[in-house]
Amino acid sequence: MALPIAAPPATKRELSVASLKEYTSRMPSKLTTAVYRRVAQYCDTRTRRQLAQVSQSWRLLVSPLLWETIHVYDYMDASVAAHVHKHYRDHVRHIQFQTRRSRRDVPKWLDSPTEIAMFGAWLEMEWPRLETLFIRFLYTPVDIRAIDLARNMPLLTAISVENSYLPWRDVAKWAMTAPFINDLSVTYAKDLKECDKQRFAHLLADYNVLQATRGNGFSRLRMQYQPDEMGIFYASILRTQPKLRELRIDSIPAAHLEALAKQLAFPSSIETLCLGVETTETLPPLACLTPRALPRLSRLMVRCNTNPLSQCHIALDEFVKHEWPRMRSLVVSVLTNEQCQKLPQICPNLEVLVVQPGSPAERQIHNSGLESMLLGLHRLRRLHIVQQISPIGEMLSDAFIWKATRYEPPKVFSLRKSRRWDVWAPKLASSPWACGNLQDLSLCGVYLSFPALIQLLSTMPRLSSLKVSIRTGAVGATITARMFEPWGRHSRLRSLVVDDINEADLPRLRQFCEFMPCIRSCRITSQKEFSIVSDHPSKPPQTTVPSSIKESTDPSFTDSTVSLKR
């Protein structure tokens with residue numbers, strides 16, 4: 001009888017694999033499904049697609065996130081709609097007819113017939129859980145009445161149409177067929193013909209559309225201004241929409257602004273008001289900007305497309321006469337220094353303040369206005385001030401930092417000797433600024449020296465994003481580790497954007513980034529052309545983008561950018 005042959009001894013690798021399989025089969029996973037889902041939420045689209053190919057478990061976990069938002073222009077074939085509808089229609093929440101890269105970017109291969117066919121291929125299908133719909137173009141040949149929103153998209157709540165070639169009333173009638181719609185945004189195309197503009201300007205028909213809501217109105221409306229000689233349409237918006245929370249009207253002529261303000265000047269439920277004004281002359285005071293007319297107003301945006309000679313600050317004269325305890329966000333084009341000094345008293349709970357470009361030189365913010373905002377606004381989290389540099393009057397500089405902190409920069413003893421930077425350090429004391437929660441600060445047109453920049457960061461420990469211009473002008477000045485002890489280890493600064501800088505300050509900026517390990521990105525956005533040479537022999541030198549790119553026709557290149565990476 002033949003003896004059984006003994007099996008060869010298992011190798012070390014086979015033993016390790018067998019023990020690993022036995023361990024994984026007996027011991028449950030330490031991470032729950034919620035943790036894996038949380039990790040997948042922080043991944044980009046490319047990583048999610050790779051995770052979906054790992055296993056069936058990952059595919060089931062990532063599919064709701066991968067197909068939650070669909071950018072239609074990223075798919076060049078209309079047959080993708082049938083595939084997505086067949087396998088992932090329950091996961092789709094948002095459909096956007098745009099690309100991922102930019103909201104205004106449209107692929108070159110798209111033309112009007114192709115886009116219309118793609119529009120119909122996606123919207124004629126049933127999406128039971130769709131919530132928002134964004135349409136980049138809405139052409140005249142598109143018959144939106146054939147698309148039944150109540151049947152195809154029963155849970156749709158928001159529709160946004162940009163560059164529409166259809167009247168507002170047609171889009172509104174179509175949107176109101178959805179039972180839960182409460183958000184409508186429509187902007188017209190810029191290349192509309194005069195006959196189309198005249199055909200769109202029938203406010204009586206638009207008024208009838210608002211009357212048809214029957215109490216189930218909108219909570220957010222965005223439209224472009226049309227002349228209302230009878231004065232019934234814009235006044236009827238607030239009367240027929242009791243649930244309206246946000247109202248945005250664009251392209252308002254300056255001559256019609258006063259009449260519009262009178263129509264909106266009665267109590268309403270509006271919390272956010274956005275007015276886009278096109279003018280080349282002086283704006284009248286906005287009569288509707290009173291707490292009696294807008295008792296719940298918390299966000300105000302007044303943006304003017306103006307020239308430097310226009311007087312737009314008069315529009316906010318009525319606003320600064322009253323107290324606004326509910327005001328949280330203020331975005332304006334022009335804000336004078338006197339108005340800035342009144343903000344801590346009239347808006348004590350302000351969190352966001354943005355002053356956009358367009359301020360004339362004689363109406364810009366000075367050191368006293370900026371200092372009063374930083375010392376008086378306790379809840380301020382975001383402050384953006386963009387203004388032009390002009391030699392007229394007192395302009396913003398780093399003097400307000402030394403005045404508020406009661407400290408002095410390094411002194412000069414002789415032109416032949418270097419400044420006392422090796423022994424200088426910022427004053428470590430309690431922060432003089434009342435806005436201790438300030439996280440985002442942008443001061444375009446403000447030149448700070450490196451001592452002032454270090455002193456500012458040492459007194460704002462929660463600042464995470466900063467944009468300034470740097471101009472030290474010191475001969476032989478160096479950055480030492482003494483300046484960053486001990487506050488540099490606790491700083492939360494992650495992003496530093498330098499709007500303008502001299503070439504002599506570039507080595508100091510590199511030393512500044514080396515002593516601030518918390519900074520993740522440091523960018524120089526300037527029209528100048530720099531050449532940065534690395535001190536480390538293993539690192540290649542970094543150069544800027546050539547100036548010829550800036551002069552190219554591609555609109556994406558607006559300025560030259562220098563990245564400083566450690």
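Student: What is the bridge partner of Asp440 in E14?

Tutor: In E14, Asp440 is bridged to Ser465. This is a predicted model, in which local features need pLDDT of at least 70, side-chain atom pairs count only at pLDDT 80 or more, and totals for chains, interfaces and linings use all residues. Residues are numbered from 1 along each chain as its sequence is written, and side-chain values use heavy atoms, without hydrogens and water.

Student: What makes E13 and E14 a pair?

Tutor: Strands pair if DSSP finds at least two bridges between them; strands (E, at least two residues) and helices (H or I, at least four) are DSSP runs numbered from the N terminus. Five bridges join E13 (residues 440-448) to E14 (residues 465-470), and the two run parallel, so they satisfy the definition.

Student: How do you know that E14 pairs with E15?

Tutor: Five bridges link E14 to E15 (residues 495-501), in the parallel sense. Val468 has Val498 of E15 as its bridge partner.

Student: Why are H3 and H4 called roughly antiparallel?

Tutor: H3 (residues 45-52) and H4 (residues 56-66) pack at an angle of about 150°. Angles run from 0 to 180 degrees between N-to-C directions, and axes are lines fitted to C-alpha atoms, for helices over the stretch in contact. Under 35 degrees counts as roughly parallel, over 145 as roughly antiparallel, 65 to 115 as roughly perpendicular and the rest as oblique. H3 and H4 are therefore roughly antiparallel.

Student: Which residues of H3 make the contact?

Tutor: With contact meaning heavy atoms within 4.5 Å, H3 contributes Thr45, Arg48, Arg49, Leu51 and Ala52.
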